[in-house]
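The exercises below are to be worked with the sequence and the coordinates at hand. Each one sets a task and then goes through a solution step by step.

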Amino acid sequence: MTNVLDNRRSAERFRLETALVRVVVGAHGSTPETKGFFEGHAYDVSDSGLRLELDSALPVGTPVDVELHMPGLGSAIHLVGRVARVFDEIDDPGPRRMGMNLSGRTPADSERFTRLLGQAALGRLV
């Protein structure tokens, strides 16, 4: 049986090998709470999305620039996207988990990101 959430995804998701992968999110919201730089951690990634957590939620639709800092990768991979989903605070206390739709990256970062997704070290989510 296929989960409804699986049908919404356009690309296969991969669990990141390390427990916590550092991210720096540059948010371009319209209020002080949704504008600026926020540090957090990523959990899984696909060619079109990223699941991460920050100390506080950004509203759905907030445009973001994300630096993905993978151990052993050297410099960060820069990704561009929007907040697509915020997990319910009642079901998910603590840091706020969010899903990001990714929409862009530089050609150099695109090549590095594609190589990252092709690594056997990333575990496929089932």
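**Exercise 1: an enclosed strand**

Six of the eight residues of β2 are buried, so this strand is largely enclosed by the rest of the structure. The coordinates are those of a predicted model, and every step that follows refers to that model.

Task: establish which strands pair with β2, and in which sense.

Solution. Step 1: β2 and β3 run antiparallel and are joined by eight bridges, one of the bridge pairs being H28 with K35 in β3. Step 2: the connection from β2 to β3 is a hairpin of six residues. Step 3: β2 also pairs with β5, again in the antiparallel sense, over six bridges, and here R22 has H69 of β5 as its bridge partner.

**Exercise 2: the nonpolar core**

Task: describe the largest nonpolar core and find which element supplies its largest share.

Solution. Step 1: the core has 24 residues, and those with the most contacts inside it are V25, L50, L52, L58, V64, L68 and F113. Step 2: at least two residues each come from β2 (21–28), β3 (35–45), β4 (49–54), β5 (63–69), β6 (77–86), β7 (96–104) and α2 (107–118). Step 3: the largest share is that of β2, with four residues. Step 4: for F113, once residues up to four places away in sequence are set aside, the residues touched are V45, S46, D47, L68, I77, L79, L102 and R105.

**Exercise 3: a buried charge**

Task: determine what surrounds the side chain of E53, which is buried yet has no salt bridge.

Solution. Step 1: E53 lies in strand β4. Step 2: the nearest side chain of opposite charge is that of R97, 6.1 Å away, whereas a salt bridge requires a nitrogen to oxygen distance within 4 Å. Step 3: the side chain of E53 does make a polar contact, at 2.7 Å, with the side chain of Y43. Step 4: beyond its neighbours within four places in sequence, E53 is in contact with G40, H41, Y43, P95, R96 and R97.

**Exercise 4: the salt bridges**

Task: of the five salt bridges counted in the model, examine the pairs D44 with R51, R105 with D47 and R115 with E111, giving accessibility or sequence separation where it helps.

Solution. Step 1: the side chains of R105 and D47 meet at 2.6 Å, N to O. This pair links distant parts of the chain, 58 residues apart, with R105 in the loop between β7 and α2 and D47 in the loop between β3 and β4. Step 2: R105 counts as partly exposed because its relative accessibility is 23%, and D47 is likewise partly exposed, at 38%. Step 3: D44 and R51 form a salt bridge at 2.8 Å, N to O, and D44 counts as buried because its relative accessibility is 2%. Step 4: in the pair R115 and E111, the closest N and O atoms are 3.1 Å apart; these residues are four apart in helix α2, so about one helical turn separates them.

**Exercise 5: the whole chain**

Task: place these details in the overall architecture of the protein chain.

Solution. Step 1: the chain has two helices and eight strands, in the order α-β-β-β-β-β-β-β-α-β from the N terminus. Step 2: of its 126 residues, 37% are buried. Step 3: among contacts between residues at least 6 apart in sequence, 58% join residues at least 24 apart.

Methods. Residues numbered from 1 in each chain as written. Predicted model: local features only at pLDDT ≥ 70, side-chain atom pairs only at ≥ 80, totals over all residues. Heavy atoms only, no water. Core = buried A, V, L, I, M, F, W, Y, C linked by side-chain atoms within 4.5 Å. Buried < 20%, exposed > 50% of the residue type's maximum accessible area, 1.4 Å probe, protein only. Contact = heavy atoms within 4.5 Å. Pairing = 2+ DSSP bridges. Lys, Arg positive; Asp, Glu negative; His and termini not counted. Polar contact = N/O pair within 3.5 Å; in protein donor to acceptor, adjacent residues only side chain to side chain.
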